Amino acid sequence: MLNAVQSAIATPAVVGVARGMSLFGEHAAGWLALGLVGAAVDRDRRRDWLGAAAGVAAAHGASIAVKRVVRRRRPDDPSVRVLVGTPSRLSFPSAHATSTTAAAVLYGGLLARPLVPVLVPPMALSRLVLGVHFPSDVLVGSALGAGVASGVRAWLRRRAGAR
């Protein structure tokens with residue numbers, strides 16, 4: 001399947017965009033930075049933005065923990081081109097898909113915008129284009145990110161009601 005994805009859409013322009021997305025999502029840094037920008041700009045909801053950013057960090061941490069337990073290796077097939085460097089050889093789940101989904105759910109809630117369909121599919125597909133994840137890695141990563149984000153949203157709502 002990875003070979004089919006790469007053959008179908010891995011043009012130089014698409015690979016360039018995918019690499020940029022990879023850099024943005026590495027260690028959830030881009031998503032965390034956006035949460036801090038939200039906290040700086042939206043002073044009335046600063047605590048909510050910081051809580052959402054903490055949720056993104058928690059989702060990223062959860063994906064790293066699962067990776068270390070499962071220890072699934074990244075794709076290694078001669079037909080699949082690896083088009084970006086990775087910080088580890090572990091594949092399952094995709095930390096990029098996890099943190100992107102968490103950010104889309106949490107920041108989308110704060111912005112009252114449906115960010116999941118806009119942000120998650122491109123990031124998930126980028127991981128396949130770059131040849132660094134199996135499809136199940138990004139699917140489970142997205143599910144993990146959604147689960148962590150749902151828990152964080154519930155916690156933020158309870159905390160807001162207690163103020």
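Is L111 buried, exposed or partly exposed? Select L111 in this predicted model and colour by accessibility: at 43% relative accessibility, L111 counts as partly exposed, because that value falls between the 20% limit for buried residues and the 50% limit for exposed ones. L111 is found in helix 5, and if you add G38 to the selection you will find the two C-alpha atoms 9.7 Å apart in space, although 73 residues separate L111 and G38 in sequence.

**Along helix 5**

Stay on helix 5 and select T98, which lies in that helix and which, with a relative accessible area of 0%, is buried. Show polar atoms here, and you will see that a polar atom of the T98 side chain lies 2.8 Å from the backbone oxygen of S94. If residues up to four places away in sequence are set aside, T98 touches A59, S63, P93, G141, S142, L144 and G145.

**The largest nonpolar core**

Next, select V56, L106 and Y107, which are the residues with the most contacts inside the largest nonpolar core, a set of 22 residues. The elements that give two or more residues to this core are helix 3 (29-41), helix 4 (46-70), helix 5 (95-111), helix 6 (116-129) and helix 7 (135-162), and helix 5 gives the most, with seven residues. Centre the view on L106 and display its surroundings: leaving aside neighbours within four places in sequence, L106 is in contact with A52, G55, V56, A149, V152 and R153. Apart from the largest core lies another core, of 12 residues, among them A10, A18, L83 and V84.

**Helix 2 and its two faces**

Now select residues 12-25, which make up helix 2; its 14 residues reach 20 Å from the first C-alpha to the last, close to the 20 Å expected at 1.5 Å a residue. Within helix 2, highlight V15, A18, S22 and G25, which are buried. These four cover an arc of only 90° around the axis, which puts them on the same side of helix 2. Turn the view to the face directed away from this buried side, and you will come upon the exposed residues P12, A13, V17 and L23. To see what covers the buried residues of helix 2, bring up its surroundings, which include helix 3, helix 5 and helix 6. Just after helix 2, select H27, where phi is positive, at about 55°.

**Helix 6**

Move on to helix 6, whose 14 residues should span 20 Å at 1.5 Å a residue, and whose end C-alpha atoms are 20 Å apart, in agreement with that expectation. The buried residues in helix 6 include V120, M123, A124 and R127. Just after helix 6, G131 takes a positive phi of about 75°.

**Aromatic pairs**

Finally, display the aromatic rings, among which the count comes to two pairs. Select F24 and W31: their ring centres are 4.8 Å apart and their planes stand at 90°, so the pair is edge-to-face. F24 counts as partly exposed at 32% relative accessibility, whereas W31 counts as buried at 8%. Then select W49 and Y107, an aromatic pair that is tilted, with 5.4 Å from centre to centre and 40° between the planes. This pair links distant parts of the chain, since W49 is in helix 4 and Y107 in helix 5, 58 residues apart, and both W49 and Y107 are buried.

Technical notes
Residues numbered from 1 in each chain as written. Predicted model: local features only at pLDDT ≥ 70, side-chain atom pairs only at ≥ 80, totals over all residues. Heavy atoms only, no water. Core = buried A, V, L, I, M, F, W, Y, C linked by side-chain atoms within 4.5 Å. Buried < 20%, exposed > 50% of the residue type's maximum accessible area, 1.4 Å probe, protein only. Contact = heavy atoms within 4.5 Å. Polar contact = N/O pair within 3.5 Å; in protein donor to acceptor, adjacent residues only side chain to side chain. Expected span 1.5 Å × (residues − 1). Arc of directions from axis to C-beta. Phe/Tyr/Trp six-rings, centres within 6.5 Å; stacked < 30°, edge-to-face > 60°.
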